[in-house]
Amino acid sequence: MEPSPESPSCERARRLRSDAEQNRERIVEAARAVYRREGLGGSMAHIARTAGVGIATLFRRFPDRSELVAAVFEDAMEANLAAAVEARGAADAWEGFSGYIETVCGLQAENRGFAEVLTMNFGSAKGLERRRQEAFDAFLELIDRAKAAGRLRADFTPEDFLILLMANAGVLGAAGDAAPEASRRLVGQMLRAFAAEGSGDLPPSPSPKRLLRGIVRRRRASGAASA
């Protein structure tokens, strides 16, 4: 005989499911915060402490680290794929290419771990792996179109984009409050370097005073965190 929906056993089961879902949400939000600050180097133990759960609870919900990374970056990877597909359909090949570069670097500015996710293999998260690969394939088409149009230098490779993301990570980690402007400036400079011919004005640079203040604040915050 099936227990009544109002029976104590059913009520306990509902509470357990609710508690498990709340724990999952806390873990994902904690991981999002840790990865935003530290990149994917943030430890599972740190994430568990931030979420206010035990490490055993974390691993019950996410037995594999890649599953947690997939849960955190699912929306960002969807945005990445949408940006790549939109850029691929742009009438102007260079605008499509440069717009996609700017979008991805903007996503990286929102979360430092995002660039690392672009190079990960999500064997246990098939949907995320599919979106990552589709976005990369679209990016390769963007490169070919921009080169065929004579707008992108012939010796550009996908690895050049990874180098840009590495440089952008350094700017985002060092420039403090001035990071958004400094990042946009860097991306603008690199797009000029990628172009077969220089085109367009660079985004404005942060003032020296603002840039220095941001760096000093970042260093002070890092020193306090490690103390």
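1. Let's start with F156, which counts as buried because its relative accessibility is 2%, under the 20% cut-off. Its ring partner F194 is buried as well, with a relative accessible area of 5%. Please keep in mind throughout that this is a predicted model.

2. How do the rings of F156 and F194 sit relative to each other? Their centres are 4.8 Å apart and their planes meet at 70°, so the pair is edge-to-face. F156 belongs to the loop between α7 and α8, while F194 is in helix α9, so this pair ties together parts that are 38 residues apart in sequence.

3. The chain has eight aromatic pairs by the ring-centre rule. One of them joins F139 and F161, a tilted pair with 5.1 Å centre to centre and 45° between the planes. This pair also links distant parts of the chain, as F139 is in helix α7 and F161 in helix α8, 22 residues apart. Both of these phenylalanines are buried.

4. If you colour the aromatics in your viewer, look for the cluster that ring pairs build from W94, F97, Y100, F139, F156, F161 and F194. Y100 is a good residue to click on. Leaving aside its neighbours within four places in sequence, Y100 is in contact with N80, A83, A84, A87, A135, F139, L142 and F161.

5. Now to the interior more broadly. The largest nonpolar core has 56 residues, and L68, F73, F97, Y100 and F161 have the most contacts inside it. At least two core residues come from each of α1 (8-38), α2 (44-51), α4 (65-88), α5, α6 (114-117), α7 (126-148), α8 (158-174) and α9 (179-194). The biggest share is from α4, which gives 12 residues. Where does this core lie with respect to the domains? Domain 1 (9-62) and domain 2 (66-202) both give residues to the core, so it lies between them. As general background, nonpolar side chains tend to be buried together in soluble globular proteins.

6. Helix α5 (residues 93-110) deserves its own point, since it has the highest mean pLDDT among the elements, at 94. Its 18 residues should span 26 Å at 1.5 Å a residue, and the end C-alpha atoms are 26 Å apart, which agrees. The buried residues of α5 are A93, W94, G96, F97, S98, Y100, I101, V104, C105, L107 and Q108. What covers these buried residues includes α4, α6, α7, α8 and α9.

7. For a contrast with the buried aromatics, try E25 in helix α1. Is E25 buried or exposed? At 45% relative accessibility, E25 counts as partly exposed. Its C-alpha atom is separated by 9.9 Å from that of A71, a residue 46 positions away along the chain.

8. On the overall fold, the protein chain has 10 helices and zero strands. Of its 227 residues, 38% are buried. Among contacts with a separation of 6 or more, 68% are between residues 24 or more positions apart.

9. A last word on confidence. The chain averages a pLDDT of 84, and 84% of the residues score at least 70. At the low end among the elements is helix α10 (residues 208-226), with a mean pLDDT of 67.

Terms used
Residues are numbered from 1 along each chain as its sequence is written. This is a predicted model: local features need pLDDT of at least 70, side-chain atom pairs count only at pLDDT 80 or more; totals for chains, interfaces and linings use all residues. Side-chain values use heavy atoms; hydrogens and water are left out. pLDDT is the predictor's confidence in each residue, from 0 to 100. Helices (H or I, at least four residues) and strands (E, at least two) are DSSP runs, numbered from the N terminus. A nonpolar core is a set of buried Ala, Val, Leu, Ile, Met, Phe, Trp, Tyr and Cys residues joined through side-chain atoms within 4.5 Å. Buried means under 20% relative accessible area, exposed over 50%, partly exposed in between (1.4 Å probe, protein chains only). Domain bounds come from an automatic or database domain assignment. Contact means heavy atoms within 4.5 Å. Rings of Phe, Tyr and Trp (its six-membered ring) pair if their centres lie within 6.5 Å; planes under 30 degrees apart count as stacked, over 60 as edge-to-face and the rest as tilted. The expected span of a helix is 1.5 Å times one less than its number of residues.
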